[in-house]
Amino acid sequence: MSIFDTGYLKKQAPLFYQELVSIRRTLHAHPELGTHEQETDALILGYLKEWGIPFRFPVADTGIVATVTGKLKEGADASHLTDPHAARAASAVRPVVVALRADIDALPLQEDKSRPYCSLHDGVMHACGHDAHTAIALGVAHYLKLHEEAWSGTVRFFFQPAEETCGGAARMIGEGCMEDPKVDYVIGLHVMPHIDCGQVELRYQDLNAASDELTILVHGTSAHCAAPEESVDAIVMAAAVIQSLQTIVSRSLSPFKTAVLSLGTIEGGHAHNIIADQVKIRGALRTTDPQTRQLFHQKIRQIVEDTCHAYGGTGELIITPGYDALINDSRIVEVVREAAACRLGEENIHLKDAPSLGVEDFSFFLNHAPGAFYHLGCGCKEKGITAPLHNPQFDIDERALALGFELQTAIVGRLLQMGPAR
């Protein structure tokens, strides 16, 4: 029986379950914020060394890249194997490289102290499930290492820092994690408490939005309120800019597409009787495809500059890019769906009907290799596990760890047999 076969994995998962729970609870009790994951690194590295898995550290300061390579040689006689995944991989032009990502950072939240494995670090909590993601990835790495004679190819594990803050994915990519040899496919998951344990949520194509921070500077000319004719009123210009920006989504975007433009702060003026010469407006743009993102950048800039010019002043737009839109490769989503259907049944697969306007820096990996990101159910109403992500009451049904381990391993097996990406 194949080591990637659903039936075999289902039998193996209980053997790894206690290890997965132990890893997750240890991580949960010792959360660390992005770029400060030293204790987390030490734990991950300890397991990798114990299991004899080679790694590269540090990557992007507190990131780790671990590598497990199958020992079934290219061109070897695989006729004695019952593993079709391994047999096909053995005859590939070159070994396939699959990457599996797990984010490792926590959030600045104070956790409910009632749990036996609650955070020991005041004001820091794994409230987004990254402890579960890391435990699952370590479980897959251990399993593949134990069975390295039965498959061919390479599986690379990205233990990524700072997903919640400055975007560790882009920094890891900048330090070469997707190259030498080039990654063919990349997979990621996120536990979700609004989905029951034993179910998954998938979406073809756009899953998460791109984010941009906007700063608009409106420049006018100051004057006393008693002599308004000597001024170019920055507050009036700012009001006109804000009003005009509200039409972009409704009049520049198809109603079948999604985008959000929100202005969060406005600052200007120094005294009640002095006409302001400058106003600063700050906001956020969320878009779900690169074309809309580029179009909105142009439209916002045009409105700011032209509106201010019409009033006799000047306007300036500063765009600080955040994360890119997460756009799944439909072929790889289908691989995930097949693996999930074999283990959970089609009735437990939910297709997400619209993208989230939240962000996820797994998007940067997808800019460099085809792949997919999916949601793993971790909620359980019977156990009272219903709190949302980023909440002090957040927890998971730990049975999701075993299911995540099974699904990620099965998906990796299917990708290894697909052959190198073009």
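Helices, which take at least four residues, are DSSP runs numbered from the N terminus. The exercises below concern a predicted model.

**Exercise 1. Identify the residues and helices that enclose the largest cavity, and classify the lining.**

Solution.

Step 1. A search of the whole structure returns 1 cavity of 30 Å³ or more. The volume of the largest cavity is about 30 Å³.

Step 2. The lining consists of Thr-6, Leu-9, Ala-339, Arg-343, Glu-406, Leu-407 and Ala-410.

Step 3. Assign these residues to elements. At least two lining residues come from each of helix H1 (6-29), H9 and H11. The greatest contribution is that of H11, with 3 residues.

Step 4. Sort the lining by class: 4 residues are nonpolar, 1 is polar and 2 are charged.

**Exercise 2. Describe how H9 packs against H11, and decide which class of residue is absent from the contact.**

Solution.

Step 1. Helix H9 (residues 330-344) packs on H11 with the axes 9 Å apart and an angle of about 130 degrees. H9 is therefore oblique to H11.

Step 2. The crossing of H9 past H11 is right-handed.

Step 3. On the H9 side, the contact is formed by Ile-332, Val-335, Val-336, Glu-338, Ala-339, Ala-340, Cys-342, Arg-343 and Leu-344. H11 contributes Leu-403, Glu-406, Leu-407, Ala-410, Ile-411, Arg-414 and Leu-415.

Step 4. The contact holds 12 nonpolar and 4 charged residues, and no polar ones. Polar is thus the absent class.

Step 5. Relate this contact to Exercise 1. Ala-339 and Arg-343 of H9 and Glu-406, Leu-407 and Ala-410 of H11 belong to the contact, and these residues also line the largest cavity.

**Exercise 3. Carry out the analysis for H4 and H11.**

Solution.

Step 1. The axes of helix H4 (residues 130-146) and helix H11 (residues 399-416) approach within 9 Å and cross at roughly 50 degrees. H4 is therefore oblique to H11.

Step 2. H4 makes a right-handed crossing with H11.

Step 3. From H4, the contact includes Ala-132, Ala-135, Ile-136, Gly-139, Val-140, Tyr-143 and Leu-144. From H11, Ala-400, Leu-401, Gly-404, Phe-405, Gln-408, Thr-409 and Val-412 take part.

Step 4. By class, 10 of the contact residues are nonpolar and 4 are polar, with no charged residue.

**Exercise 4. Characterise the contact of H6 with H8.**

Solution.

Step 1. Helix H6 (residues 234-245) and helix H8 (residues 290-310) have axes 9 Å apart and pack at about 145 degrees. Their crossing is right-handed.

Step 2. H6 contributes Met-237, Ala-240, Val-241, Ser-244 and Leu-245, while H8 contributes Ile-300, Ile-303, Val-304, Thr-307 and Cys-308.

Step 3. The classes are 8 nonpolar, 2 polar and no charged.

**Exercise 5. Describe the largest pocket by volume, central residues, contributing strands and lining class.**

Solution.

Step 1. The largest pocket encloses about 440 Å³ of space.

Step 2. It is lined by 24 residues, of which Glu-163, Glu-164, Gly-358, Val-359 and Glu-360 lie closest to the centre.

Step 3. Strand S5 (185-196) and strand S16 (371-379) are the elements that give two or more residues to this lining. S5 gives the most, with 3 residues.

Step 4. The lining of the largest pocket comprises 8 nonpolar, 11 polar and 5 charged residues.

How values were computed:
Residues are numbered from 1 along each chain as its sequence is written. This is a predicted model: local features need pLDDT of at least 70, side-chain atom pairs count only at pLDDT 80 or more; totals for chains, interfaces and linings use all residues. Side-chain values use heavy atoms; hydrogens and water are left out. Axes are lines fitted to C-alpha atoms, for helices over the stretch in contact, and angles run from 0 to 180 degrees between N-to-C directions. Angles under 35 degrees count as roughly parallel, over 145 as roughly antiparallel, 65 to 115 as roughly perpendicular and the rest as oblique. A crossing is left-handed if the near helix is turned anticlockwise from the far one by less than a right angle, and right-handed if clockwise. Contact means heavy atoms within 4.5 Å. Ala, Val, Leu, Ile, Met, Phe, Trp, Tyr, Cys and Pro count as nonpolar, Asp, Glu, Lys and Arg as charged, and the others, Gly among them, as polar. On a 1 Å grid over the protein atoms alone, a cavity is a set of points where a 1.4 Å probe fits but cannot get out, and a pocket is an open set with protein on both sides within 12 Å along at least five of seven lines; lining residues have an atom within 4 Å of a point. Grid points are joined across faces, edges and corners, and a volume is the space filled by probe spheres set on the points.
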